[in-house]
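Grab the coordinates and work through these short exercises. Each one has a task, then a solution in steps.

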Amino acid sequence: MIRVTRLNGEHFALNPDLIERVEGHPDTVLFLVDGHKYIVSEAVDDVLDEIREYRASILATAYAMDRGTYRTPSTPGDDAPRASVVPFPAREER
């Protein structure tokens with residue numbers, strides 16, 4: 001999910017896989033594949049950077065999981081049980 005801001009200052013998260021196109025005229029408009037439109041205060045380049053970072057983070061997490069080095073993020077002092085992530089089998093195990 002990427003975080004964007006409506007013109008009224010309200011923040012929300014949006015699944016970038018649903019974005020069909022992004023236009024800037026003069027406000028940035030996000031057109032979704034289902035026909036919905038969102039006008040946001042971020043510039044077109046900022047939205048594209050957010051999408052790029054989101055997708056890169058997915059690839060980086062998948063790579064870490066494939067190598068068995070991925071660890072779920074934890075907050076200091078948080079002793080609550082967390083669901084564990086099972087890494088992909090190593091290439092030798094496939």
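**Exercise 1. Find what share of the chain is buried, and lay out its fold.**

Start with burial: 23% of the 94 residues in the protein chain are buried, meaning under 20% relative accessible area with a 1.4 Å probe, protein chains only. Keep in mind that this is a predicted model, where local features need pLDDT of at least 70, side-chain atom pairs count only at pLDDT 80 or more, and totals for chains, interfaces and linings use all residues. Residues are numbered from 1 along each chain as its sequence is written, and side-chain values use heavy atoms, with hydrogens and water left out.

Next, the elements: the chain has one helix and five strands, taken as DSSP runs (helices H or I, at least four residues; strands E, at least two) numbered from the N terminus. Along the sequence they read β-β-β-β-β-α.

**Exercise 2. Work out how strands 1 and 2 are joined.**

First, the pairing: strand 1 (residues 2–5) runs antiparallel to strand 2 (residues 11–14), with four bridges; DSSP has to find at least two bridges for a pair. Isoleucine 2 has leucine 14 as its bridge partner.

Then the turn: the two strands make a hairpin with five residues between them, and glycine 9 there has a positive phi of about 95 degrees.

**Exercise 3. Trace tyrosine 38's contacts beyond its sequence neighbours.**

Set aside neighbours within four places in sequence, and tyrosine 38 contacts Arg6, Phe12, Leu14, Thr28, Val29, Leu30 and Leu32. A contact here is heavy atoms within 4.5 Å.

Technical notes. Buried means under 20% relative accessible area, exposed over 50%, partly exposed in between (1.4 Å probe, protein chains only).
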